[in-house]
Amino acid sequence: MYKIILFDLGNVLAKPIDDYKLYSRLNCRVSYEDFLEYWWYNELVIKAHKGLVSDEDHIRGLLSFCNSDLTVREFLSIYRDLDNSLYSDMVEYIGNLKRKGYSVGILSNLRLMDFSRYRESINQIKFDYLFFSYEMKAIKPSKEIYLQVINTLKCEPNDIIFFDDSLENVNAARNMGINAYQINRAGIRETTILSKILDQYIKECSE
């Protein structure tokens, strides 16, 4: 049976960025709450995730908003120094999936500077597919990004299993016919949940 398994990166495969640690090192002269609002929702930041503006441009905008005296180079040095490790149990789990013959990939909203942080860790796994928003010029949960994935894979949406920590992203994928599930690191071990979902999916498809 033809199946492709895609994972979000942050909070699924990798530890999420420590926003407060970043904020505390930027010499910001705005509140942490204001910093978060800009960091996650500013139009320039969103465009950077879509690859429509350079990281340098959106970093300059962020530093200006924060009234920080840091340079873009100094910001990038701080940013790259943040934890960029993948969850060890997920690395092992994906290795097992590949040995069983599954095609495995990442579908994530990333800027180029985000991929640069995780590049070494990602390359160690030898993913079959990498779908990053900055290359696709679209971000989850837009319909466009899921269409690009389906067209690139040349498969039926039902052949894709997708795991994301955002319910909004999961629901958007489901609306496209993709088998999508919300998971995160809280509570039961993530790999246990994944195994149960995949086992159930395989059973239903076999009936």
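Modeller: Contact here means heavy atoms within 4.5 Å. The model is predicted.

Biologist: What percentage of the contacts with a separation of 6 or more is accounted for by residues 24 or more positions apart?

Modeller: Taking that meaning of contact, heavy atoms within 4.5 Å, the count is restricted to pairs with a separation of 6 or more. Within that set, the share from residues 24 or more positions apart is 66%.

Biologist: Why does the radius of gyration agree with a compact globule?

Modeller: The protein has 207 residues, and a compact globule of that length would have a radius of gyration near 17 Å. The value agrees because the protein itself has 18 Å.

Biologist: What does the C-alpha trace span along its principal axes, and what percentage of residues is buried?

Modeller: The trace covers about 60 × 30 × 25 Å along these axes. The protein is built with 11 helices and 5 strands. Of its 207 residues, the part that counts as buried is 48%.

Biologist: How far apart are the mean positions of the positive and negative charges?

Modeller: The protein carries 26 positive and 30 negative charges. Its accessible surface comes to about 10,500 Å², with 47% of that belonging to carbon and sulfur atoms. The mean positions of the two sets of charges are separated by 4 Å.

Biologist: Which element gives the largest share of the largest nonpolar core?

Modeller: This core has 29 residues, and Phe 7, Leu 9 and Phe 163 have the most contacts inside it. Elements that give two or more residues to the core include β1 (4–7), β2 (103–108), β4 (160–164) and α11 (190–206). The largest share is 4 residues, and the element it comes from is α6.

Biologist: How many residues are in the second, separate core?

Modeller: Tyr 23, Leu 26, Tyr 38 and Val 72 are included in this second core. The core is separate, and its residue count is 21.

Biologist: Is Leu 9 buried or exposed?

Modeller: Leu 9 lies in the loop between β1 and α1. Beyond its neighbours within four places in sequence, Leu 9 is in contact with residues including Leu 86, Ile 106, Tyr 118 and Ile 122. Its relative accessible area is 1%, and the cut-off is under 20%, so Leu 9 is buried.

Biologist: Where does Pro 141 lie?

Modeller: The peptide bond leading from Lys 140 to Pro 141 is cis, with omega near 10°. Pro 141 follows α8 (133–136) and precedes α9 (143–153), in the loop between α8 and α9.

Biologist: What is phi of Asn 11?

Modeller: Asn 11 is placed in the loop between β1 and α1 (19–25). Asn 11 is a residue other than glycine with a positive phi, near 70°.

Biologist: Why does Lys 154 count as exposed?

Modeller: Lys 154 is found in the loop between α9 and β4. Phi of Lys 154 is also positive, near 55°. Exposed requires over 50% relative accessibility, and Lys 154 counts as exposed because its value is 72%.

Biologist: How far apart in space are Lys 126 and Ile 94, C-alpha to C-alpha?

Modeller: Lys 126 is found in the loop between α7 and β3 (129–132). Lys 126 is exposed, with a relative accessible area of 60%. In sequence, Lys 126 and Ile 94 are 32 residues apart. In space, their C-alpha atoms are separated by 9.9 Å.

Conventions:
Residues are numbered from 1 along each chain as its sequence is written. This is a predicted model: local features need pLDDT of at least 70, side-chain atom pairs count only at pLDDT 80 or more; totals for chains, interfaces and linings use all residues. Side-chain values use heavy atoms; hydrogens and water are left out. The radius of gyration is taken over C-alpha atoms; the globule rule is 2.2 Å times the number of residues to the power 0.38. Buried means under 20% relative accessible area, exposed over 50%, partly exposed in between (1.4 Å probe, protein chains only). Accessible areas come from the Shrake-Rupley method with a 1.4 Å probe; for residues, only the protein chains shown count as cover. Lys and Arg count as positive and Asp and Glu as negative; His and the chain ends are not counted. The place of a charge is taken as NZ of Lys, CZ of Arg, CG of Asp or CD of Glu. A nonpolar core is a set of buried Ala, Val, Leu, Ile, Met, Phe, Trp, Tyr and Cys residues joined through side-chain atoms within 4.5 Å.
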